[in-house]
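Biologist: Could you take me closely through one part of this model, and set out how its elements are arranged and where its backbone is unusual? I would prefer one connected account to a list.

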Amino acid sequence: MKRSILLTLIFTLTGIIFIARLFYLQVLENPYKIPTIYSSAVKVKFDYPERGYIYDRNGNLMVANQPSYDIMVIPGEVKLKDTLEFCQLLKISKKKFIDKQKKAWNYSTRIPSIFVPQVSKVDFGYLQEKMHKYEGFYIQKRSLREYPLNSSSNILGYISEVDEQLIQEKKEYQLGELIGTAGVEKTYEKELRGTKGVRFFQRDRFNKIIGPYKKGIYDTLPSPGKDITLTVDSNLQKYGEQLMQNKRGGIVALEPSSGEILALISAPTYNPNMLVGRKRSQNFTKLYLDTINKPLFDRGLQGEYPPGSPFKSLTALIALQEGAIDEKTSIRCSGGYRYGKKSTEYMECHCGKKGENFKLHKAIYKSCNTYFANAYRKTIEKFESPSVGIDTWKNHLESFGLGNYLNNDLSVGKKGLIPGSKLYDRWYSDVNWQATYTISNSIGQGEVLTTPIQLANMTAAIANRGHYFTPHIVKEIDGKEIDLKFKTPKETSIDKAYFNPIIDGLFSVLEHEEGTARFSRVKGIEICGKTGTAENPHGQDHSIFIAFAPKDDPKIALAVFVENGYWGSRWAGPIASLMIEKYLTGNITNTSNEKRMLNGSLEDEYEKQYQEKLLKLEKRNE
Amino acid sequence: MRSETSNIWRRIDWLLILFYILFVGFGWLNIYAASAGEDAQSFLTFSNNHGKQLYWIIFCIPFIFITLLINAKFYVKYASAFYMASILSLIGLFLFGKNINGATSWYSIGSMGIQPSEFAKSAIALAMAKLVCDKHFKLGSFKHQLEAFILIAIPGILIALQPDPGSAIIYLSFILVLHREGLPISYLYISFFAITLFIATLYFGYTSLLISLIILFFFISIYIYKYKQKVFRQYLYKIIVLFLISISYTYSTQIIFDHVFEQRHRDRFNILLGKTIDVKDIGYNTNQSVRAIASGGDFGKGFLQGERTRGNFVPEQQTDYIFCTVGEEWGFAGTATVVVLFLFFILRILYKSERQKSPFTRIYGIGVASVFFFHFAINIGMVVGILPTIGIPLPFFSYGGSSLWGFTLLLFIFIRLDANKRNEL
């Protein structure tokens with residue numbers, strides 16, 4: 001008998017569970033009772049808040065909104081008497097009309113889709129009067145982005161329509177809504193977007209709205225997008241973009257005392273207004289398919305280049321820290337550095353002072369390769385094995401933010417490369433590798449790769465005498481301070497005392513009569529800098545310059561990178577000093593330099609490279 | 001003979017028949033509501049589902065009379081023959097069956113289809129009763145256990161191969177019968193443990209479950225060692241074996257789930273366990289049906305007023321998801337009534353069975369109650385979103401001739417046997 005009781009128990013228990021579940025579903029309030037856009041009895045209407053504005057650090061408006069009008073269709077409700085007349089009104093062909101209708105039908109008969117996007121204001125006024133005649137169609141106001149400054153497209157990014165694929169990941173978006181897909185629009189999407197409001201309306205059997213659904217208990221109010229203030233100085237940014245016209249490369253300028261990005265320039269660039277309005281997809285394709293100029297590629301953040309001579313300041317700092325050299329260590333320049341027996345295994349020195357003895361100060365402003373190769377070798381060889389040596393060296397460099405993502409609020413970035421023992425163990429698996437094998441690292445060639453923003457950050461760390469703040473692009477959100485992680489200084493592994501001799505050297509790069517960048521001097525501003533010429537197997541060398549100013553109370557630190565710009569002081573140096581002068585004083589004294597930079601073009605060089613590449617390809621095909 | 005047939009109307013359980021009439025009648029109203037979009041006015045017609053269902057209901061009446069008028073002994077005597085016939089009809093599907101929606105579960109006769117698995121339930125219940133009521137049959141012996149399992153497994157596997165795994169699951173209900181008739185209680189424990197482990201593995205993943213199993217068994221061992229030291233050695237061996245079986249079971253569950261199950265099965269489980277949220281595609285049915293029921297509220301929107309029902313929002317609305325219509329149009333009042341009525345109906349069958357003198361009738365009756373219970377529990381569990389999507393009908397409510405006739409046969413054989421209780425079978 002006991003056993004039959006078990007069955008009764010199971011049956012009764014199941015019944016009770018069902019009744020409890022049904023009670024929850026039907027009597028209590030629960031999420032299943034909130035209607036969706038798929039329900040026929042309820043019409044769901046979204047209230048879109050205005051997207052937040054973006055300002056520069058001085059309060060200049062960089063991104064605003066402008067109204068736009070879309071013709072929407074709900075296919076299930078369409079009743080058209082005269083299609084042809086409607087087509088004429090919308091200025092589309094009948095074939096296009098049928099195409100669009102099919103697409104909308106395939107998507108959904110009940111959910112509205114965009115029929116004709118972004119009609120002009122003139123057409124809107126005309127259409128508004130006639131629209132009521134065509135059941136199932138209506139006009140929806142949307143807001144589009146507007147860029148009053150025509151600049152900073154790489155920083156601001158762009159917004160685009162959410163597609164099917166994205167909806168799978170982000171459930172809170174509906175098809176056709178807008179989402180930031182690059183730049184600040186992307187990283188601060190949540191803040192800029194705000195929250196859309198939802199209103200539910202009860203429909204009767206004839207689809208007519210008869211009032212709010214359940215007295216509006218499920219309705220929510222939209223909350224507006226937040227305004228964002230960037231760290232960028234739009235005047236400096238625009239000036240930098242002009243200086244970089246007809247060149248390829250990037251400029252990153254930071255405020256060393258805060259890590260705020262003052263300017264982030266990538267050249268070639270494009271007008272952000274190109275990606276707004278009816279021509280958007282056409283223009284986007286054009287930019288996207290331009291694989292030669294790569295305008296959508298942010299060279300300041302994504303370009304990985306050998307840093308060249310500016311890297312020597314770090315080689316020296318590490319050597320000082322590890323006690324491999326001191327200020328007074330004297331090294332004779334033999335015109336180069338021989339690291340192997342073969343005649344090719346020779347690193348030439350371009351300081352032009354063959355046979356002279358160098359101390360640290362002079363080595364920096366003359367950029368003597370021999371000196372730094374020796375300093376590097378001494379550092380590595382201080383340890384029991386080159387593996388330990390190079391890993392210690394690597395740790396020092398990583399404390400400057402090199403070799404890894406900076407972990408900031410920019411939507412793209414690259415790691416760069418700082419080689420360690422692991423890499424060389426793999427490369428030289430059959431021999432015991434030595435410090436000399438890796439000697440080109442000492443002068444920023446070899447395996448070392450950095451992005452311009454990393455280089456700028458390194459400069460800021462030197463300017464600060466040993467610490468930096470993570471570079472970031474947003475200053476305030478709706479008047480509120482940003483993430484604390486951008487406000488905490490990051491210490492480098494080099495003692496403060498070692499920075500002064502380096503900074504003195506960097507100062508002489510411009511101020512000494514033999515300094516490599518003596519022509520980039522600016523009267524009245526104490527600039528510290530370092531030229532760089534990075535070897536490039538594909539064409540002319542890259543022109544590099546890092547600088548900060550003023551020397552004792554640095555307000556700006558920057559890195560300039562000009563692809564195929566021959567050598568550092570030819571393009572990057574003058575551009576850097578113009579940027580500094582512009583930022584610190586607001587006007588330019590050396591107008592001839594400015595003129596040369598503004599009008600100078602490297603397009604011929606790029607064209608030549610392109611032709612050579614084509615030739616090579618042709619040869620390979622033959 | 002004559003006296004028996006004339007007395008039968010006095011001895012049959014009219015309460016069960018009242019339940020039957022209520023279910024079929026209310027069921028049809030809901031099918032009407034769910035299909036009346038097309039041409040609501042015409043009733044006795046083959047052009048719409050509620051029209052067809054009305055025909056199936058009317059055809060039930062002579063069918064019921066025949067079932068009741070046949071001598072009870074006939075069912076006992078030919079139980080094995082019914083069983084063989086059912087198995088043959090299931091095998092025959094592989095040769096002559098018609099493929100509808102990916103499963104070969106139907107014979108087509110003209111424009112109609114007959115689903116033999118619906119009728120097989122009665123035959124298996126009869127055969128089970130016949131097998132187990134034998135005096136020499138002892139469920140304590142392994143040989144007899146095996147016999148009983150094979151009896152269930154043959155039709156179960158044939159149906160699973162059609163493939164119609166949903167209908168095959170119903171055959172597990174006969175385990176309840178065997179349990180009632182004396183199957184060792186450990187089987188129930190093992191099944192319960194196995195099901196729990198199965199769900200836990202899917203929910204928490206193999207690794208975390210393995211860790212929890214180790215901890216669990218570790219503490220059990222400590223507990224036994226502390227309080228029952230004398231038997232510890234004896235238990236330890238058992239614990240280790242049980243532990244090894246548990247972990248290999250958990251592991252194979254994961255393997256089977258990942259490699260043997262098809263994606264659609266995985267999706268159903270994952271949606272239910274809350275591991276994937278998908279309201280537009282795979283979880284569409286469940287989400288829509290739960291929403292439709294929720295929209296009914298306390299008293300529903302009223303007969304023929306449910307716009308989700310009529311808007312064809314829920315797929316299979318008239319068959320597997322007919323309970324949605326009840327929920328939307330009749331609200332909590334309607335659904336609770338149906339659940340309570342079903343519960344009383346099943347308990348009534350159980351109660352009547354337990355009072356039988358004839359073990360054959362008792363076993364058959366418990367089989368009937370179990371089959372109804374499984375259909376009821378799985379179908380409503382699925383529709384209210386607490387069980388995965390398994391497509392089986394709600395007895396007497398869902399649209400479909402075969403299922404209606406199958407359940408009618410199942411019930412009325414019991415009523416007939418029950419009416420015979422004074423005569424030993």
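Modeller: Helices here are DSSP runs of H or I with at least four residues, strands are runs of E with at least two, and both are numbered from the N terminus. In these terms, B:F396 is placed in the loop between α17 and α18 (401–418) of chain B; I will come back to this residue after the part I have chosen, a sheet of chain A and its surroundings. Please bear in mind throughout that the model is predicted.

The sheet is open and has five strands, which follow one another in the order β12-β11-β23-β22-β21 of chain A, with antiparallel pairing. Its edges are formed by β12 (260–267) and β21 (528–534) of chain A, each of which pairs on one side only. With direction ignored, neighbouring strands of this sheet are turned against each other by 5 degrees on average. At one end of the order, strand β11 (residues 249–255) of chain A pairs with β12(A) in the antiparallel sense over seven bridges, and among the partners in β12(A) is A:E260, which is bridged to A:E255. Across this sheet runs helix α17 (residues 452–463) of chain A, which lies over β11, β22 (542–549) and β23 (556–562) of chain A and makes an angle of about 150 degrees with β23(A).

Two of the loops that leave these strands hold a cis peptide bond. The bond from A:A267 to A:P268 is cis, with omega near 0 degrees, and A:P268 belongs to the loop between β12 and α10 (280–289) of chain A. The bond from A:A549 to A:P550 is likewise cis, with omega near -15 degrees, and A:P550 sits in the loop between β22 and β23 of chain A.

The loop between β23 and α19 of chain A contains A:Y566, whose phi is near 65 degrees, a positive value in a residue other than glycine. As background, most residues other than glycine have a negative phi, and most peptide bonds are trans. A:Y566 is partly exposed, because 16 other C-beta atoms lie within 10 Å of its own, whereas a buried residue would need 20 or more.

That loop leads to helix α19 (residues 572–585) of chain A, whose axis comes within 10 Å of the axis of helix α9 (residues 234–243) of chain A, the two crossing at roughly 155 degrees. Since angles over 145 degrees count as roughly antiparallel, α9(A) and α19(A) are therefore roughly antiparallel to each other, and their crossing is right-handed. On the side of α9(A), the residues that meet the partner are A:L236, A:Y239, A:G240 and A:L243, while α19(A) supplies A:I575, A:L578, A:M579, A:K582 and A:Y583. By character, the residues of this contact divide into seven nonpolar, one polar and one charged.

To return to B:F396, this residue also has a positive phi, of about 70 degrees, although it is not a glycine. Its surroundings can be set beside those of A:Y566: B:F396 is buried, because 25 other C-beta atoms lie within 10 Å, while A:Y566 is partly exposed, with 16.

Definitions and conventions
Residues are numbered from 1 along each chain as its sequence is written. Chains are lettered from A and ligands numbered from 1 in the order in which they are written. This is a predicted model: local features need pLDDT of at least 70, side-chain atom pairs count only at pLDDT 80 or more; totals for chains, interfaces and linings use all residues. Axes are lines fitted to C-alpha atoms, for helices over the stretch in contact, and angles run from 0 to 180 degrees between N-to-C directions. Angles under 35 degrees count as roughly parallel, over 145 as roughly antiparallel, 65 to 115 as roughly perpendicular and the rest as oblique. A crossing is left-handed if the near helix is turned anticlockwise from the far one by less than a right angle, and right-handed if clockwise. Two residues are in contact if their C-beta atoms, placed from the backbone, lie within 7 Å. Ala, Val, Leu, Ile, Met, Phe, Trp, Tyr, Cys and Pro count as nonpolar, Asp, Glu, Lys and Arg as charged, and the others, Gly among them, as polar. Two strands pair if DSSP finds at least two bridges between them. A residue is buried if 20 or more other C-beta atoms lie within 10 Å of its own, exposed if 12 or fewer, and partly exposed in between; C-beta atoms are placed from the backbone.
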